[in-house]
Structures are given as structure tokens and as C-alpha cells.
Amino acid sequence: MMAQTDTKKIFFENLSGAGKAIAVLTSGGDAQGMNAAVRAVVRMGLYVGAKVYFIREGYQGMVDGGENIKEATWESVSSMLQVGGTVIGSARCKEFRTHEGRLKAALNLVKLGITNLCVIGGDGSLTGANLFREEWSGLLTELVEQGSIEPQSVQTYSALHIVGMVGSIDNDFCGTDMTIGTDSALHRIIEVVDAIMTTAQSHQRTFVLEVMGRHCGYLALVSALACGADWVLIPEMPPDDGWEEKMCEKLSANRAEMKRLNIIIVAEGAIDANNKPITADSIKDLVVKRLGFDTRVTILGHVQRGGTPSAFDRILASRMGVEAVLALLETTANTPACVVSLCGNQSVRLPLLECVQMTQEVQKAMDEKKFEEAVKLRGRSFQNNLKTYKLLAHRKPESELPHSNFNVAVLNVGAPAAGMNAAVRSAVRVGISEGHKMFAVSDGFEGFYKGQIKEIKWADVGGWTGQGGSLLGTKRTLPAKHVGKIAEQMRTHNINALLVIGGFEALESLLQLYEERATYQEFCIPMCMLPATISNNVPGSDLTIGADTALNAIVETCDRIKQSASGTKRRVFIIETMGGYCGYLATVAGLAAGADAAYIYEEPFDIRDLQANVEHLTEKMKTSIQRGLVLRNENCNDNYTTDFIYQLYTEEGKGVFDCRKNVLGHMQQGGAPSPFDRNFGTKISAKAMQWVSKKLLETFRQGRVFANSEDSCCLLGMRRRALIFQPVVQLKERTDFVHRIPKEQWWLKLRPLMKILAKYKTSYDVSDSGQLEHVVHSLPRDSDASVAM
């Protein structure tokens, strides 16, 4: 990305939308999260002083005009954050594809003074928007000639500005990491797969699942990774001739290892090497004919489009909606139409035309049977998903495995987090593929010094991906008091490398082992940590394994709690979240659930702030807002407890609203891992094991492993747009050990966004906003789009 300039480091007040009119529409297929994007555009637009309009029924509404183009108010987008689909409607419009249709649309926009369009849709919708922009001046000239508009209108409305957001469950748009709706669709798929696995296990059945995605295999590939499917068929990777035999051999081998079920996932656009379609029914017939297995087909269909948007999609859509308004405010007559998106945790703006062209190139490459090129064009994220799946799903015969003679131990440390088991499974299987002997340590470092260490095989971790908690067992015990016994166990089992999966305790543990290297040579081995905690409080990584699952649990509960007040008098809910001193869960859940306030340790507050929040809510309640939501991090303040805040709001809100409180507790740690956490754990664990293998070879000298440099004891984390190995000793200065949080936390920049969307007047630093960059340069080396997904 281009370097941030000093001129970019301005605050939001300097960007005014006064005198501007912005219209927002959703077009093409619907996707969960579109409503969150519409809400963000409307509220951010109103916040900057612009007029904002809904265009109902997509381009059809733009062509028809009239009641289809309505001015939006703040209240008109209330209570839509948790609703799936698009409440302003979406339709495919043949008329807009004609010149006459676009002429009608231009007239309808000019009548209302609209020259800024925010289009939420797929590549077809965005291509149409770009064509409309290119024709705009010609259309206005034509309208003047017809006498439909005044000649000065051509000058007044000389340029049409377009910003796109990609809303599609298929994730088939190049240049973006994740499209709005993809994560929610994966949630629907994984929910179904998890449910099917229990019945399949009972009857020893094979299930063939067909998922959507048109000509893109992303949903099939990622859901196969997330559930540990036996076989996956996608358009970008047609199987070689003879694949039927190989698949049947794999299914038979799994049954021989006492696995009671088989899962095969098929993308709806799956083809063979000769471009012939592969259907779910044809696979069922094949399995029944060759193996005689009891086989069933499930076609998920439009279930994948429906339901409540996930926390990820709500946050993605909200951030993109705000970024879209910022892009429209900054645009000039010469600015090309752009698409706003996120790369890793960073906002990016990409030229719309470049994205569309590259998306079309993918289909062209597939039509020409250049499948490797098609995979590359899909982006680094797709490539890494494919590479990881191949690594984990297909076990090489013993004779083909390299023999490294290295022993690698894996353990969990700290509180359990959803996705830990997926990370362990990935580590074990990649380690075995690399030729290592893998050892599992039960109950963290407590089990380590007690000798609870045993070899773990490929089949031992089957079915672990979807399991919550920690199957290895985990404890908060730190190694410092037991280093002698731990060193003795490492000698006994000849441990040559260590992979530690856990939270803040895991970081402290690695620092302690690193410090002991001078005393115990047993710790002079490659050591790697993967951050896994619901609190997301580990320095060196923007995200931790388990945080997304906890976030979804909180947001889902907030939705239910808010719904419980529907039809009753005005009510405010005070909800306490976990996280220790880290306010990530409270802040991001607040953004995803539409909270009015979120109290956290990192942003000190006093009684005046509490009073201001109560008064703000009282004002909102006097209008049409019926429900309020306030989140409080468990350790945000010693004195302003959840009970105190509840009593304050109850007293001060008398006559306007009443209050209820909820402490969510350990339900935030439980449950099956989200698709994001399954894939995040799987992929970073695979990357970590490859790093371990590399370090083992580098540090093996004279018949032994000896690694004592800083870079041989690392944490693997996601930083902005890339996965990076960072020496743990270098993370010490970035860490507040007293409160167990990083000194700098990226998500604090989301807090003003949450406040703006809750109608507070606040400063918004736009220095981190996206700048226009080119698609080909948008992904740096080792970036793994959305990292997990």
C-alpha cells in the first residue's frame, strides 16, 4: 500500500458532506450483512451532514424512481443490523442494461440532486455502476436536449461518483479478501455439517453435500477445511483422470481406521478435467456402486443465503460502509470508481474496473483449462486454503514420508479457546507429513513436568476440527517453578521442538523458557507460540484463535436479549463481557450488536461520562428507539461495577426506560468453533509447523539440535495484512504485563466508529483509512487474505 501521508492524518470533522446527496442501493443476489452496510452508509452520511437516500429494489428502483427513492433518516435503519438479506430490496434489472433504462435512472437521480452512489452487490452490479458513471455526462446532455432537465444541471451535477462494496456469499470478487456475506454462509454450512456428522456417525453413513458458489469453489474449499472433509471437488481444481478410484480408496481407508462416517463436499460448479459437471448425485451413485456404502445427498441451497449475519460480516460491512462514505467525501471528478474492502485488518480502496477485469480473467482461465492460473488469480488466500487442505486431507503412505528423526511436542496453555483443537490437529498432521514424530502433552506445563507426554498419530486427531475447548487439556500453570523437571522430561522424550498454543500465559511461558536457555540446554530448541484466547489480548497478533467464536456468542446473545424487549416498554440492557483487562470483546461486540456504549479499561471513564451516556440514551428513547444496549468489560473499573452502572441507569432513566442486566460468563468460552476460528487455527498452525521444520534443519549440527538465538523462539501472529514470526523477547517492550494486554491495540480505532453509529458526536481519525491502490499490488508476500478465511 502507498505510504500514509501527513495530510491524511486529519480528523473526521474536516470532512464535510454538507450539500452532498448520497444514495445507497443493494443489487443482484442478497447476502447477510448487506443491512449492516446500508445502516453504516446512512448513519455516516447523515453524521457528516449529507442527505442520504435509499434506492429500493436495486437498479430497478433507480429506473422506476418515484417512491423507490426515499430519503433515509437515522431511525429508518434502527434494528436492521441483525436482519439477514437486504431490507431495501434487491432485483435484477434488464432495463438498466439498456441505454434508455440508464437515461431514466439518470433523470431520477438528477431530480433529487444525487451524484454520489454507494452500490452493494456483485461484479455484475458494480460493472453496471461503472458504465453508468462513464456515460453520465452524455446522459445529462441527452436529458437537456429532451427538455427533461435545465441546462445548468449539466454543470451542477457534472460528475457521478461511485463507490462499491462487494456483497456476495460466493467470495468470487478479485481484489477483496472477504465479500459481505461469505462468513455468514460458512456459518450456515458448518452448522449443517456439524448436525449431519452426528447422524452419519450413528449409521456409519457417507454424506455428499453440495454447497453454493457458482463458478467459485471458495465456500466448498473453506468448509471442507473447517469440518475436515474426506474429499472436496471445486471448479478451480478439477480432479485428474482416475480420481474416482483414488476417492474410493480414501473413503475405504478411513473406514478401515474405524472412522464411522465420510463427508464429501461438492461445489455447485464442480467440473472434471474435461469440463464436464460433477454432481452430488453422480458421486453418490459412484460410492454406492463401488463401495456399497450407505450414502445420502444433502443440497444446502438457499439456506446458505439466509439467517442472521455473523459478527464478522456485521463488522466488515459496518467498516466498509463508513469507508465508502469517506471515499465519496474525498472523491474528485478525476477519481476512478473504487471498491472498498478490508485486507487483513486494513481498509483498502481498489479501482473498480481493475477488480472486475481480474474477476473476468479467472473465468476466462477456467474456460481455457488454465486451472493453475485461475487459482493464482483468485488470490493468495485461496491458494493458501488449497495448499493447506491438500496438506491435511491426503495422507502420504509411510514409504513416501521423509524421516527427519525429530520429535516435536504440542501443548495447550491457559484458558480453553475454541479453535485450539483445530490448531493441534493441523500441527500433528503437518508434522507427520514433514517426517517428524509428534508428541501431545496433556494439561499444559503441569502435565509436562508430570510426564503426561505421549506420541500422537494421524488418526488420533480425526474429527478434532469442530470440537470446542481443549481436548489435550489445558492449565494456567507457568513453567518457571518446574523448569528442572520439564528439562528432564524433554531429555527423556528427546523433544527437539515445541509448539505452544495458548493465551497470555503461553507468551509468559515461552519468555521463561527462553530465559532458562543459559541454564538448561534442553530449551535451546525451536519454540513457537500460536495465540489462542477469547480475550484477544496477546501482543504481536491482531487476532487470536477463539476470539471470533466468543464474539459470535456475545452478539447472538445480545440479539436475543434485545428481542426479548420487543413489544414491551422502553428498556436498556447492561451486559458484562469477559476479556480480563482487554476491551476487545466489549468494543467489537458493541459494534456488531449496535450498542449505545461499551465501557473498557483502555478508555478511562468517570461519573460524568456515565451521566452523559444516560442522558444520550434518554434523548434517543424519547424518539422511536425502544431498546438500548450497554456493554461493560469485566475489569473496566474497580468501582463502576456492573451493579453500579445498572443501578445508575435504573435511577436516572426513571419514567423513560427501565433496565435489566446480564453477566454472560463462561458461555463465551464454550461452543463449537466458528468457521473463522477453525480455519485460523488450521492455517497458522500449518505455517508454524513448516517454520519449525525449517528451524530444525537450520539448527541441526553434529548430531543434535541447538538453537539459542532470539529468532528461534517466536510468536506467529497476524499484523495488519500479513502473518509474521516475531521473537518473543522483542514483544516484552510492547506488553503491559500488569494488566496482561498489549500497549498498542488496533481495535481501539473502531471505538469512535461505534460511537458515531450510536449517534454520538466524536472525533474520528481517518489516518488509517484506505488509499487507492492497484489490485496487482494489493497483497504483499505472505499476506493471507483475512488470514483465516
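These legends accompany four close-up views of a predicted model.

**View 1. The largest nonpolar core and its best-connected members.** This core has 186 residues, and M165, I265 and L498 touch the most other members. Among the elements that feed into it, helix α10, spanning residues 311-330, gives the most, with 13 residues. A second, separate core is also present; it has 40 residues, including A21, L117, A129 and L143.

**View 2. The surroundings of M165.** Here we zoom in on one of the residues that touch the most other members of the largest core. Leaving aside residues up to four places away in sequence, M165 touches A37, V41, C118, V119, I120, G121, L126, I180, M320, G321, A324 and V340.

**View 3. Helix α10, end to end.** From its first C-alpha to its last, this helix of 20 residues reaches 29 Å, close to the 28 Å expected at 1.5 Å a residue. Helix α10 is largely enclosed by the rest of the structure, because 19 of its 20 residues are buried.

**View 4. Two cysteines without a disulfide partner.** If you are looking for disulfides, the structure holds zero. Take C528: its closest cysteine sulfur, in C714, is 6.7 Å away, so the pair is too far apart for a bond. C528 counts as buried, at 0% relative accessibility. For C582, the closest cysteine sulfur belongs to C636 and lies 13 Å away, which is again too far for a bond. C582 is buried too, with a relative accessible area of 0%. As a reminder, a disulfide is a covalent bond between the sulfur atoms of two cysteines.

Definitions and conventions. Residues numbered from 1 in each chain as written. Predicted model: local features only at pLDDT ≥ 70, side-chain atom pairs only at ≥ 80, totals over all residues. Heavy atoms only, no water. Core = buried A, V, L, I, M, F, W, Y, C linked by side-chain atoms within 4.5 Å. Buried < 20%, exposed > 50% of the residue type's maximum accessible area, 1.4 Å probe, protein only. Helix = DSSP H or I, 4+ residues; strand = E, 2+ residues; numbered from the N terminus. Contact = heavy atoms within 4.5 Å. Disulfide = S-S within 2.5 Å. Expected span 1.5 Å × (residues − 1).
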